[in-house]
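The following paragraphs are meant to be read with the coordinates open, moving from one chain to the other and from surface to interior.

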Amino acid sequence: MIALFVRDVKLAVRGGGGALIGVLFFMTVVAVIPFGVGPDLNLLSRIGPAILWIGALLASLLGLDRLFQAERDDGALDLMLMQETPLTLIVLVKCLAHWVATGLPLVLAAPFLGLFMNMEARAIGATLLTLLVGTPAITFIGAVGAAVAVALPRGGLLVSILVLPLAIPVLIFGVSAVTAAVEDPAPFLPPFLILTAITLFFAVIGPVSAALALKHGAD
Amino acid sequence: MSDNSLSIRKVSDLANPTRFLALAKAVLPWMAGLTVLAFAIGLYFSFSSAGDYQQGETVRIMYVHVPAAWLAMMCYCVMAASALGTLVWRHPLADVSAKAAAPLGAAFTFLALVTGSLWGKPMWGTWWVWDARLTSFFVLFLMYLGLIAFSRAMDDPSRAARVSAVLILVGFVNIPIIKFSVEWWNTLHQPASVIRMGGSAIDGEFLTPLLVMAAAFSLLFFTLHIMAMRNEIWRRRVSAMRRKAARSAASVYQGKLGTVFPEKTNETKDPKGAGSIV
Amino acid sequence: MRLQAERLSARRGEDLIFNDISFTLESGEALVVTGRNGAGKSTLLRALAGLLPLESGQVWLTETRDEPRSFASACHYLGHRNAMKRELTLLENLIFWQRFMAADSADLRSSAAQASERVGLSDILHLPFGTLSQGQQRRAAMAKLLLVHRPVWLLDEPTAALDTSAETMFADLMNDHTQEGGILIAATHQALGIANATQLVMTGFSGVEDAA
């Protein structure tokens, strides 16, 4: 399983710089927002966490639909399906590798983009923390979509459409935890813990249903 | 009650599509008649009941809005049960049922959203509020549309059935999560500013038409569902016939080359015919 | 060791591809599956590998092993696609599959270097897989069979895109496998040069004749 993890990270780094493209997309999305809402720094610092979260959400979905399709295209998925190792575990490891290669760079890039958004140090720290905890959930949800995409003759976009509604709770609690950290009366911990719970929950649901979809979608 | 006994028989009795078609043929006129009758009674009650002293005549929107919302949710439950049927029991009709239910669910959700919006304008002064319930219903609507798009995008029906069953079940797990998270999100951001009728405060005056309308909507749903399932079975038969025609054309060609392919024996040899509807 | 397949049938989409196929293979035996295009050779192999659900029937492998395993995990499957990543070097690809497929160290057979030498690729282990020629890629996929021990080999058109010298090399590999007591099932259009092989002719919808 370590071998699979190492291979997937290597592939993401080598194969046209998947990690870099995600960060680049993230930066572009965030950079475009001020053009839409105007360069009012007060407004930007208020909606900054939300923008960073939406940007990270979209950037995490980028390329996620290829998670299993690439394996299907070169036949590696067949061999993965045949092993004694439970498929759920394989999916989990692939998700983790994908997150390390594309999710983690997003999390690390977020503080710098937070500076552009005129966010306070406290808000930046909270955003970093919530992204760190919350983005794996998006990967796990996306894995279901990616597994479903294997059976589709076309349509990576459809996967994003199917997956986005499921990511709403992550977004809600991610942003509300940051808001709570900035505005004093509201406590930070409850929404943050719920976010953690959601991530753990999807860490189970995601790989299990993705494995189920892969098994049934094989042709 | 007729719909209740039907759904039991659907699971236990109707393993085979032909029997389902026969039953659908027998039952549909009665169900359609009952639906019309229930709607007639329900609408009569709806319009003869007194208007609310606060909301005036607009309260009558409730008689469409609330049943549509109930049915929208029940439809997803029907789909989830069908998805289980596809994955666990590999019931050939389960997939047909799930596929037929998705557009109905989308239609009921849409109806609930539209009537809610129409009701919201005079009551709240706006067409749309990002209220917890409205938002989660909107998400439900999106999920229905996504599922419809998904089952359209797949060309191999039996694979489509199993994969979309997984998707339906994941969505089913998610609906309560979305519902609760949206409710908490709403309270976190803005205090309750939405005026809505308390469930317990509903008077008998309103309750009778509401329940009759709910029954009418349920009947409508089951009638349409059975009709949609029948259509789906017919559609699959047509495409099976087309494939067979293509195949027999090929075998004529092969026959000229000196090989004979006894098409018919294959049909009879087919052990159970499970998983496909031919 | 004995492989028994009983009354297999499978469908693709809505169509039954083959019906009622049974065969038994002992240790060291090979089965060559032939038939015209679309007769269901690939489908049979994929169904055996557990990649397609069987409509009916059963496959089981009786082997002397402490812990039971699924039939699919006792198989090597060589399909049309090579299951190698273009971005990684040949060595990285081979080492990955060796580590990934070996459930425990008892399964390990030959090292990546040995396997690549066996298929004549030892000089280009450091090259990215994408830069290899078609024939070299196919040979690399064959090297994968040698990395980890699996008693059953399922080969789908293994010698497509190979020249004659590679064909004889692969025939040797297959014969070694059966001589070591392995079982081999290959779908093919070409003569593979396997000793001790039974032939299974698939004729499409009308069923199968067993011409031993």
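In this predicted model, a convenient place to begin is A:F5, which lies in helix α1 of chain A. The side of the helix on which to look for it is suggested by its accessibility, since A:F5 is partly exposed, with a relative accessible area of 30%. A:F5 belongs to a nonpolar patch on the surface, which it forms with A:I2, A:V6, A:L96 and A:V100, and which has about 400 Å² of accessible area in total. The elements that contribute two or more residues to this patch are α1, spanning residues 2-14, and α6, spanning residues 87-116, both in chain A. Of the contributing elements, α1(A) gives the most, with three residues.

Helix α1 of chain A also carries A:R7, and here the setting changes from nonpolar surface to buried charge. A:R7 forms a salt bridge with A:E71, in which the closest N and O atoms are 2.5 Å apart. This pair joins distant parts of the chain, because A:R7 sits in helix α1 of chain A and A:E71 in helix α4 of chain A, residues 66-73, with their positions 64 residues apart along the chain. Are the two partners buried or exposed? With a relative accessibility of 3%, A:R7 counts as buried, because the cut-off for that class is under 20%; A:E71, with a relative accessible area of 2%, is likewise buried.

The contact between A:R7 and A:E71 is part of a wider arrangement, for A:R7, A:D8, A:E71, A:D74, A:K94 and C:K85 are linked in a network of salt bridges. Over all chains, the structure holds 20 salt bridges. Another of these salt bridges is formed by A:D73 with A:R72, where the closest N and O atoms are 3.4 Å apart. A:D73 itself is partly exposed, with a relative accessible area of 39%.

A further landmark in chain A is A:F26, which is found in helix α2, residues 18-37. A:F26 is buried, with a relative accessible area of 0%. From A:F26 to A:Q83 there are 57 residues along the chain, and the C-alpha atoms of the two residues are separated by 37 Å.

Turning to chain C, the reader may start with C:D20, which is found in strand β2, residues 15-26, and which combines a salt bridge with an unusual backbone angle. C:R7 forms a salt bridge with C:D20, the closest N and O atoms being 3.5 Å apart. The pair links distant parts of the chain, with C:R7 in strand β1, residues 2-12, and C:D20 in strand β2 of chain C, 13 residues apart. At 53% relative accessibility, C:R7 counts as exposed, whereas C:D20 is partly exposed, with a relative accessible area of 32%. As for the backbone, phi of C:D20 is near 60°, a positive value in a residue other than glycine.

C:E157 is also not a glycine, yet has a positive phi, of about 45°. C:E157 is found in the loop between β6 (152-156) and α5 (164-179) of chain C, and it is buried, with a relative accessible area of 14%.

The interior of chain C can be followed from strand β3, residues 30-35, which is mostly covered, six of its six residues being buried. C:A30, C:V32 and C:T34 point one way from β3(C), while C:L31, C:V33 and C:G35 point the other way, and all are buried. Which strands pair with β3(C)? One is strand β7 of chain C, residues 183-187, which pairs with β3(C) in the parallel sense over four bridges; within this pairing, C:V33 has C:A187 as its bridge partner in β7(C). Another is strand β8 of chain C, residues 197-202, which pairs with β3(C) in the parallel sense over six bridges, and in β8(C) the bridge partner of C:L31 is C:T198.

The tour ends at a surface feature to which both chains contribute residues, namely a negative patch formed by A:E84, C:D66, C:E67 and C:D104. Within this patch, C:D66 is found in the loop between β4 (54-62) and β5 (75-78) of chain C. C:D66 is exposed, with a relative accessible area of 80%.

Note on methods. Residues numbered from 1 in each chain as written. Chains lettered and ligands numbered in written order. Predicted model: local features only at pLDDT ≥ 70, side-chain atom pairs only at ≥ 80, totals over all residues. Heavy atoms only, no water. Patch = residues over 30% accessible without salt bridge, like charges linked within 9 Å, V, L, I, M, F, W, Y side chains within 5 Å. Areas by Shrake-Rupley, 256 points an atom, 1.4 Å probe, with all protein chains shown as cover. Salt bridge = Lys/Arg side-chain N within 4 Å of Asp/Glu carboxyl O. Lys, Arg positive; Asp, Glu negative; His and termini not counted. Charge placed at Lys NZ, Arg CZ, Asp CG, Glu CD. Buried < 20%, exposed > 50% of the residue type's maximum accessible area, 1.4 Å probe, protein only. Pairing = 2+ DSSP bridges.
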